[in-house]
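Me: Could you walk me through this model, one question at a time? I would like the cut-offs along with the values.

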Amino acid sequence: MTVATQRLTFAEYLSHDDGTGTRYELVEGELIPMSVGTKRHGDISEEAYLQFRSEINRLDLPLVAKHMTVGVQSPRGRARDTSRIPDVMVLAKEQWENFGDGEAVITLDQPPPLLAVEVVSNSTKSTDYRSKRTEYAAIGINEYWIVDPIAKKVMLCVLVDGFYDVEKFVGDETIQSRLFPELN
């Protein structure tokens, strides 16, 4: 006997509330619970958020950095809808303010975020390196950082002609962000 999994549309996902307080990503119509991260995952994502926020404030840029609070609708090449919630996202301040009291989800008809960061964990490694990398390129996110504390490296993916060129940083090498060129 096979149990059918309920599939949601993107619109249904936006209004979904199962009363548990669980945060979900939507992958091809299926709700995927976001697990509670490890201390290391939380520390790394929070530090990236704080560094971006500090640089935005220092340079008085019309941008905002958000820590696990903004979703982004993502194409998957199939009939089902997908929405991701990056660990850290940088987007235009005006775009953030336009959410008002509505859901903080960037849809396919809106400008993409400027930068997204995913911190790899054992349970998200394949998704962060493969699925999200493909999806984020397809929607036009100019910079995608894959921070991998397991492999002790950062992969900086820069969008060029619809595909990511990748630079790898290890150890104490300085990451060369295009969006924040003075950030160390």
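Here are some questions and answers on the whole fold, its salt bridges and a few single residues.

Me: Before we start, what kind of model is this, and how are residues numbered?
Reply: This is a predicted model, in which local features need pLDDT of at least 70, side-chain atom pairs count only at pLDDT 80 or more, and totals for chains, interfaces and linings use all residues. Side-chain values use heavy atoms, with hydrogens and water left out, and residues are numbered from 1 along each chain as its sequence is written.

Me: How many helices and strands are there in the protein?
Reply: Helices (H or I, at least four residues) and strands (E, at least two) are taken as DSSP runs and numbered from the N terminus. On that basis the protein has four helices and eleven strands.

Me: What is the radius of gyration of the protein?
Reply: The radius is taken over C-alpha atoms, and the globule rule to set beside it is 2.2 Å times the number of residues to the power 0.38. Along the principal axes, the C-alpha atoms fill a box of roughly 55 × 35 × 35 Å. For 184 residues the rule gives 16 Å, and the protein comes close to that, so it is as compact as a globular protein of that length, with a radius of gyration of 16 Å.

Me: What percentage of the residues of the protein count as buried?
Reply: Buried means under 20% relative accessible area, exposed over 50%, and partly exposed in between (1.4 Å probe, protein chains only). Of the 184 residues, the buried share is 41%.

Me: What share of the contacts with a separation of 6 or more comes from residues 24 or more positions apart?
Reply: A contact means heavy atoms within 4.5 Å. Among contacts with a separation of 6 or more, the share from residues 24 or more positions apart is 53%.

Me: How many salt bridges does the count come to?
Reply: The rule asks for a side-chain nitrogen of Lys or Arg within 4 Å of a carboxyl oxygen of Asp or Glu. By this rule the count comes to ten.

Me: Which residue meets Arg7 in a salt bridge?
Reply: The N to O distance of this bridge is 3.8 Å, and the partner of Arg7 is Glu30. Arg7 lies in the segment before helix H1 (10-15) and its partner in strand S2, so the pair ties together parts that are 23 residues apart in sequence. Arg7 is partly exposed at 38% relative accessible area. At 28% relative accessibility, partly exposed too is Glu30.

Me: Which residue forms a salt bridge with Glu25?
Reply: The closest N and O atoms of this bridge are 3.3 Å apart, and the partner of Glu25 is Lys132. Glu25 lies in strand S1 (residues 24-27) and Lys132 in helix H4 (residues 125-139), so the pair ties together parts that are 107 residues apart in sequence. Glu25 is buried, and so is its partner, Lys132.

Me: How far apart are the closest N and O atoms of Glu55 and Arg58?
Reply: Both residues lie in helix H2, three residues apart, about one turn of the helix. Glu55 is buried, with a relative accessible area of 6%. Glu55 and Arg58 form a salt bridge, and its closest N and O atoms are separated by 2.8 Å.

Me: Is Glu135 buried or exposed?
Reply: Glu135 sits in helix H4. Leaving aside neighbours within four places in sequence, Glu135 is in contact with Ser74, Pro75, Arg76, Thr82 and Arg84. Its relative accessibility is 3%, so Glu135 counts as buried.

Me: Where does Lys152 lie?
Reply: Phi of Lys152 is near 55°, a positive value in a residue other than glycine. Lys152 has a relative accessible area of 64%, so it is exposed. Its place is the loop between strand S9 (143-148) and strand S10 (153-160).

Me: What is the relative accessibility of Asp161?
Reply: Asp161 is in the loop between S10 and strand S11 (163-170), and its phi is near 55°, a positive value in a residue other than glycine. Asp161 counts as exposed because its relative accessibility is 74%.

Me: What distance separates the C-alpha atoms of Gly37 and Ser121?
Reply: Gly37 lies in the loop between strand S2 (30-33) and helix H2 (39-59), and at 44% relative accessibility it counts as partly exposed. Gly37 and Ser121 are 84 residues apart along the chain, and their C-alpha atoms are separated by 8.2 Å.
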